[in-house]
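Work through the following exercises with the sequence and the coordinates open side by side. Each task is followed by a solution that proceeds in steps.

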Amino acid sequence: MELEDMKSLWAEHSQQIDKQEKIKKELLMKMTKKKYLNKLGGIYLPEILGAVICLAYAGFFIFQIGKLELPWNQVLSIFNTTLLIVLPILSLYSLFKLGRIDISEGSSAEILERFTKNRIFFWKVQRFAMVISGLFAISILPPLAELVGKIDLLSSRQFWMVYVPIGVILVYIFTKVTMKKYQKALSNSEQVLKELEV
Amino acid sequence: MSQEEEFVNLIHENQGLIYKISSIYTQNTEEQQDLYQEIVYQTWKSFDRFKGASKTSTWLYRIGMNTAITHLNQRKRKVQLVPMEGLKLDIQDEADPELEERIQVLYRHIRQLNLLDRGIIFLFLEGKSQAEIAEITGISVSNVGTRMSRIKEKLRSEVKA
C-alpha cells in the first residue's frame, strides 16, 4: 500500500468516524471526574501502602534497638532499619518522577526521551532494591530471633548451615528471574532512546 | 462560557481525532477505550495551562500523542477503564465490509511501527505538512522527511511479506 493510497483510505475512515454518534457532553465531564478518582486509587496507593508498612517496621525497630544486647544484632538492625527507610523512599521517588512528566509541555520526541530516561532510572532502582531485599531477608532474622525468643541466631549452627544457604539459594533464584525481566525492560527502554537518535 | 463548558466543547468537537490516536496506539477495544479516557483526562488536566500559543488542534495532537507514549509505557500497566453507561466509543459496523477490512489492515501496519514513527505517519495521514509534523513531534523537518522515507520502505516491505 503506497502512502498516498493510505492517505485516501484514512480520509474515508475519518469521514466514517465523524458520522458516528458522539459521546454526550454531560457524560464527558462525568467520565473525566471518575477517571481522576480511579487514578488516585489505582496507581500510587499500593506503592504508598507498601512504603507505610516499611516505615512502620522501621519505627518498630528503632524502638527495639535498645532492647538488643548482642552487638552484631544491633548492627544488623540498624542496617535493616536504614533499608526499610531508604528503599521505599527511593522507590516512591522514582515512581513519582515517572508520573510527574507534564505531557502538555514538550513535543512527543522530548516526552518520549524524558519518560524513557526516567523509566530507565526506575528500573535501575527496582533492580538495586531487589538485590538489597535479598540481603534484608537474611539479615533481619538474627535481630528478630533475639527480640522474639531471646535466641542468639548468629552463634547457632542451624542458622549458618540451614537458614543462610537456603536464603542465599532462594535469593539467587528470585534475583535471577526478576533480573531477566528488569534487564529486558531496560533494554527495551534503551532501544527507544536509540530509535530517537536515528 | 465556563472553563468546563469550553473543555467539553473542545473534546466533543475532536472526538474523532482522539478516537484515531487511541486506536493507532492500542491493540484491542478495551485498551483503546482506556487510552481514549486517559487522553480526555490529560487534556482536562492541562486545559487551564493552554494559552493558545499554538493552534488548538496542534495542542490536542500533542497531548494525545504524548499521553499515548507515557500511558502505554507505565509499569504494570493495567486497563483502568471507567465503566459508564452510554459511553460509546466504537465505530458501528454499518460501513462497507471491504473498506472496514482495508482500514484494519492499515491500522495493523501502523501498529508495527515504533511509537514516534506511529505518530509521524498518523499526522501525515491527517494531512499535516512536514513542518507541522516537526512542530508537533519535536524533530527537525529534515528528520521528518528521512523518517517518512523509512516508514514508506518499511510499510512497503510489510505489505509484500
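## Annotated spans and salt bridges

In the unreviewed UniProt entry, the feature "transmembrane region" is placed at residues 40-63, 75-96, 128-145 and 157-175 of chain A. The model examined here is predicted.

**Exercise 1.** Determine the helix content and the end-to-end C-alpha distance of residues 128-145 and of residues 157-175 of chain A.

*Solution.* Residues 128-145 of chain A are 94% helix and 0% strand, and their end C-alpha atoms lie 27 Å apart. For residues 157-175 of chain A, the corresponding figures are 100% helix and 0% strand, with the end C-alpha atoms 26 Å apart.

**Exercise 2.** Describe the salt bridge between Glu113(A) and Lys117(A) and its setting.

*Solution.* The closest N and O atoms of Glu113(A) and Lys117(A) are 3.0 Å apart, which satisfies the criterion of within 4 Å. Both residues belong to helix 5 (residues 108-139) of chain A, and because they are four residues apart there, about one helical turn separates them. Glu113(A) is partly exposed at 36% relative accessibility, and Lys117(A) is also partly exposed, at 45%.

**Exercise 3.** Is Lys20(B), which forms a salt bridge with Glu126(B), buried or exposed?

*Solution.* In this salt bridge, the closest N and O atoms are 2.7 Å apart. The pair links distant parts of the chain, 106 residues apart, with Lys20(B) in helix 2 (residues 15-24) of chain B and Glu126(B) in the loop between helix 6 (115-125) and helix 7 (130-137) of chain B. Lys20(B) has a relative accessible area of 6% and is therefore buried, the cut-off being under 20%, whereas Glu126(B), at 21%, counts as partly exposed.

Conventions
Residues are numbered from 1 along each chain as its sequence is written. Chains are lettered from A and ligands numbered from 1 in the order in which they are written. This is a predicted model: local features need pLDDT of at least 70, side-chain atom pairs count only at pLDDT 80 or more; totals for chains, interfaces and linings use all residues. Side-chain values use heavy atoms; hydrogens and water are left out. UniProt positions are given in the numbering used here, feature names are shortened, and annotations may be inferred rather than shown by experiment. Helices (H or I, at least four residues) and strands (E, at least two) are DSSP runs, numbered from the N terminus. A salt bridge is a side-chain nitrogen of Lys or Arg within 4 Å of a carboxyl oxygen of Asp or Glu. Buried means under 20% relative accessible area, exposed over 50%, partly exposed in between (1.4 Å probe, protein chains only).
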